[in-house]
Amino acid sequence: MPLPKILLDNLSIPVIGAPLFLVSGPELVIAQCKAGIVGAFPALNARPQTVLEEWLIRIKKELAEAKEANPNMPIAPYAVNQICHASNDRLLGDMELCVKHEAPIIITSLRPPEEIVKAAHSYGGLVYHDVINVKHARKAAEQGVDGLILVCAGAGGHAGTLSPFALVREVREFFDGTIILSGSISSGSAVASSLALGADLAYMGSRFIASEEANAEQEYKDMLVEGAADDIVYSSLFTGVLGNYLKPSIEKAGLDPNNLPKADKLSMDFGSGGNMDSKAWKDIWGSGQGIGSIKSSPSVQALVDQLKKEYIEAVADFKKKSSY
């Protein structure tokens, strides 16, 4: 379907930079938006809660200044990720701040976000909800979300197990809103492939952890540059929800990545960091399976320029092959 007006002329490439736990801050988000992709951050990254309003004011101000100075350049809107779970006692307060400052896009996770949809729509904001299966997609669609983020096999963090070939097709049969595809997307050609499958936008997280503006330790970035799909472990131990994590970071924390116990979903606590103590959780690093194509840690602008070049080349190649 056509993209919403706020995105139509403000993207240099059809990508949303996924919100990254602890890693996404104002520097990364602003750099992504200035480069022409949607930059996003989890509201819970702003700690204490009073910092969230400071971030919202800063991001809004710097993007407005960038647009004024470069009126012909695509400056993308930003997004705030809200964790809709009982353990998140900041949700209502954080959302009140997003309404106050009219955050353009709200990305919701875990629970169908009816009250969040109403709040965002009150000022014209968009709500994109992430899901891992058709059942969850239907529930979110019933709540009136504007878009669905399909978190498929190979995505970083809380990932599903379904193939994008299956999930995109089935969701499109009943949902005519924006579809954003997530899972092992780390190159411009993967972005083009996402659109060829029927998605409207690609959702890219791990690739931006290995960028200059990302708030990640250098060792984390180095693991991504040096890693490959075989270095990813799928486990529920760290938050109670199945997700993908870097094997070397698990080993560094003194755990056996090949023998991790399962966790109880009821023990999720996103405010303090999950089932393990917060320090241990901070030391377990999420990543998608698509890291084999990460060879460096450039600036966001250089990375988006590279992705755009790869995307254009992939689209041209696809058109050439489709003419056979």
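**Helix α13 and the cysteines**

Me: In this predicted model, the buried residues of α13 are Val 300, Leu 303, Val 304, Leu 307, Tyr 311 and Ala 314. What covers them?

Reply: Among the elements that cover the buried residues of α13 are α2 (26–35), α8 (188–197), β8 (201–204) and α9 (206–209).

Me: How do you know that the span of α13 agrees with its number of residues?

Reply: Helix α13 runs over residues 300–322, which is 23 residues. At 1.5 Å a residue the expected span is 33 Å, and the end C-alpha atoms are 32 Å apart, so the two values agree.

Me: Why are α2 and α13 called oblique to each other?

Reply: Their packing angle is about 40°, with the axes 9 Å apart. Roughly parallel requires an angle under 35 degrees, and roughly perpendicular 65 to 115. The pair fits neither class and is therefore oblique. The crossing of α2 past α13 is right-handed. On the α2 side the contact is made by Leu 28, Ala 31, Gln 32, Lys 34 and Ala 35, and on the α13 side by Val 300, Gln 301 and Val 304.

Me: Why is Cys 33 not bonded to Cys 98?

Reply: A disulfide needs two cysteine sulfur atoms within 2.5 Å. The sulfur in Cys 98 is the closest cysteine sulfur to that of Cys 33, but the distance is 14 Å, so it is too far for a bond. The count of disulfides is zero.

Me: What makes Cys 33 and Cys 152 count as buried or exposed?

Reply: Buried means a relative accessible area under 20%. Cys 33 has 0%, so it is buried. Cys 152 has 1%, so it is buried too.

Note on methods. Residues numbered from 1 in each chain as written. Predicted model: local features only at pLDDT ≥ 70, side-chain atom pairs only at ≥ 80, totals over all residues. Heavy atoms only, no water. Buried < 20%, exposed > 50% of the residue type's maximum accessible area, 1.4 Å probe, protein only. Helix = DSSP H or I, 4+ residues; strand = E, 2+ residues; numbered from the N terminus. Expected span 1.5 Å × (residues − 1). Contact = heavy atoms within 4.5 Å. Axes fitted to C-alpha atoms, helices over the stretch in contact; angles between N-to-C directions. Parallel < 35°, antiparallel > 145°, perpendicular 65-115°, else oblique. Left-handed = near helix turned anticlockwise from the far one by under 90°.
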